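I'm opening a fresh notebook page for a structure I haven't looked at before. The plan is to look things up one by one and jot down what turns up.

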Amino acid sequence: MKKRGLLITLFAVLLHACGGGSGGDDSGDTTTNDPPPSGRLNPQLSGRVFVYRIGAPSLILDLSTGVYSLIPGMESGTPLTVMAFPSYDGEEVVETVSGCEDNGHTLYKDDCVIVHASDGASLMKLTAFEDIEGPARLSYDRQYIAFAYDYRGDDMISLTIADRAGQLVSHNNIYEQIDSDDDPEFDWLPDGRLVYMVDQTIYITAPYDAHGTPLITFTEEQGEPLEPAVSPDGKRLAFELHTGGSWSTPETAVWVMSLDDPSDLHQLAVVPGDDTSSVSHPIWSPDGNWIMVIEGLSYSPVAPPVTTDPGTQLVFSKLYAVPSDGIQVELTQTNPTTAIPVLSNWRAAVLGNEGRIS
């Protein structure tokens, strides 16, 4: 899996879509910024986005006001936190933490998966998993947890499903299935199936089974599929195709595919006049009408203060809500488009940290 700085997950409703928009405010404190006098910086939108930052407190962005707040239960911002990922109904949050438990070994600790209520209360905790890769995710009914981890510490990656008591439900050693040490990226379907991606192939499983069968395989020229996001009705899949660039400035595009007919796929959005753009990290609104994407990548080689050395290029990202039935929708804040830019102090929220949105 490409280790990159941004991820987006939307778990509340986007409303009042009219399209259009203009530039926004990038300044201000990331956790206590005041809303504009009207109280609605983005009057066309409502909902919440989780913003995770390495070594800094995770945040919640209110789409309507553009204001950030701390995620309940994760206010400390421990550098060990790997990811905070909300359940599909927003009632719970899964926190994946690296090195949270002593296991008697002098060189490393076990990782943990902690489930919080929306008010921050800790509901459950799973431990004894070495090197969890990426975020754990709750199933739609919140009864099962899926996660990928390196269970032997030597790139032996497994995709695992456990119940809330920590009992193993299904375990897929990816390297044995397809001879790969890549980290599988995955998402749940409403019926308990998983879609996951390894190397150039997208797989789909039976309900609550970590072993999948291929849906579609892309050539290297077409790109590597990443960041799967299943539509709320379980019928469509949004994902990235990574075609080149570097880890700091990847060349990616977001595509939408029918899960019943993988040949039915199209590019969701484009950046006008840019053939090497980065459009990434798609997530659906709960009504299925919108897909949130990031255009560009927020990258800084050091923590604040940001370096000003010659040759260092900072590319600042923007958030957009794009109609899910759109085809090559233009991501622009100057020309007419059906994509809606999300205005906030996004630059201040992620600059100097390897920010991810979830």
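**Entry 1: a salt bridge to start from**

My way in is a salt bridge between the side chains of glutamate 92 and arginine 142, at 3.1 Å from N to O. The two partners come from distant parts of the chain, 50 residues apart. I find glutamate 92 in strand β5, while arginine 142 is in the loop between β8 (132-138) and β9 (144-150). Note to self: this is a predicted model.

Next I checked how open each partner is. Is glutamate 92 buried or exposed? Glutamate 92 has a relative accessibility of 7%, so I log it as buried. Arginine 142 has a relative accessible area of 22%, so that one goes down as partly exposed.

**Entry 2: a second arginine on glutamate 92**

Glutamate 92 also meets the side chain of arginine 164 in a salt bridge, 2.9 Å from N to O. Arginine 164 sits in the loop between β10 (157-163) and β11 (168-173) and glutamate 92 in strand β5, so this pair ties together parts that are 72 residues apart in sequence. For arginine 164 I get 24% relative accessibility, which counts as partly exposed.

**Entry 3: aspartate 187 and arginine 137**

I moved on to another pair. The side chains of aspartate 187 and arginine 137 form a salt bridge at 3.1 Å, N to O. Here, too, distant parts of the chain are linked: aspartate 187 belongs to strand β12 (residues 185-188) and arginine 137 to strand β8, 50 residues apart. I have both aspartate 187 and arginine 137 down as buried.

Back to the earlier group for a moment: which residues are joined into one network by salt bridges that share partners? They are Asp89, Glu92, Arg142 and Arg164. How many salt bridges does a search of the whole structure find? I wrote down six.

**Entry 4: what surrounds aspartate 187**

I stayed with aspartate 187, since its relative accessibility of 3% makes it buried and I wanted to know what it meets. Its side chain makes a polar contact of 2.4 Å with the side chain of tyrosine 88. A polar atom of the aspartate 187 side chain also lies 2.8 Å from the backbone nitrogen of valine 230. Leaving out residues up to four places away in sequence, I listed what aspartate 187 touches: Tyr88, Arg137, Arg193, Leu194, Val195, Pro228, Ala229 and Val230.

**Entry 5: the disulfide**

Then I looked for disulfides, and the count came to one. It joins cysteine 100 to cysteine 112, with the sulfurs 1.5 Å apart. The link is right-handed, with 90° about the S-S bond. Cysteine 100 is in strand β5 (residues 92-101) and cysteine 112 in strand β6 (residues 110-117), twelve residues apart.

Are the two cysteines buried or exposed? Cysteine 100 has a relative accessible area of 25% and is therefore partly exposed. For cysteine 112 the value is 0%, so it is buried.

**Entry 6: a four-stranded sheet**

Now for a sheet. I traced an open one of four strands, in the order β16-β17-β18-β19, with antiparallel pairing. Which strands stand at the edges? They are β16 (224-230) and β19; each has a single partner strand, so one side of each is left without a neighbour in the sheet. From one strand to the next, the twist averages 30°.

I looked at one pairing in detail. β16 runs antiparallel to strand β17 (residues 236-245), and five bridges join them. One residue I followed across was glutamate 224, whose bridge partner in β17 is histidine 242.

**Entry 7: histidine 266 on the edge strand**

Last stop is histidine 266, in strand β19 (residues 265-267). A polar atom of its side chain lies 3.2 Å from the backbone oxygen of glycine 326. Not counting neighbours within four places in sequence, histidine 266 is in contact with Val254, Trp255, Val256, Ser324, Gly326 and Ile327. I also noted the spacing to aspartate 325: 59 residues apart in sequence, and 9.6 Å apart in space from C-alpha to C-alpha.

Methods:
Residues numbered from 1 in each chain as written. Predicted model: local features only at pLDDT ≥ 70, side-chain atom pairs only at ≥ 80, totals over all residues. Heavy atoms only, no water. Helix = DSSP H or I, 4+ residues; strand = E, 2+ residues; numbered from the N terminus. Contact = heavy atoms within 4.5 Å. Polar contact = N/O pair within 3.5 Å; in protein donor to acceptor, adjacent residues only side chain to side chain. Pairing = 2+ DSSP bridges. Axes fitted to C-alpha atoms, helices over the stretch in contact; angles between N-to-C directions. Disulfide = S-S within 2.5 Å. Buried < 20%, exposed > 50% of the residue type's maximum accessible area, 1.4 Å probe, protein only. Salt bridge = Lys/Arg side-chain N within 4 Å of Asp/Glu carboxyl O.
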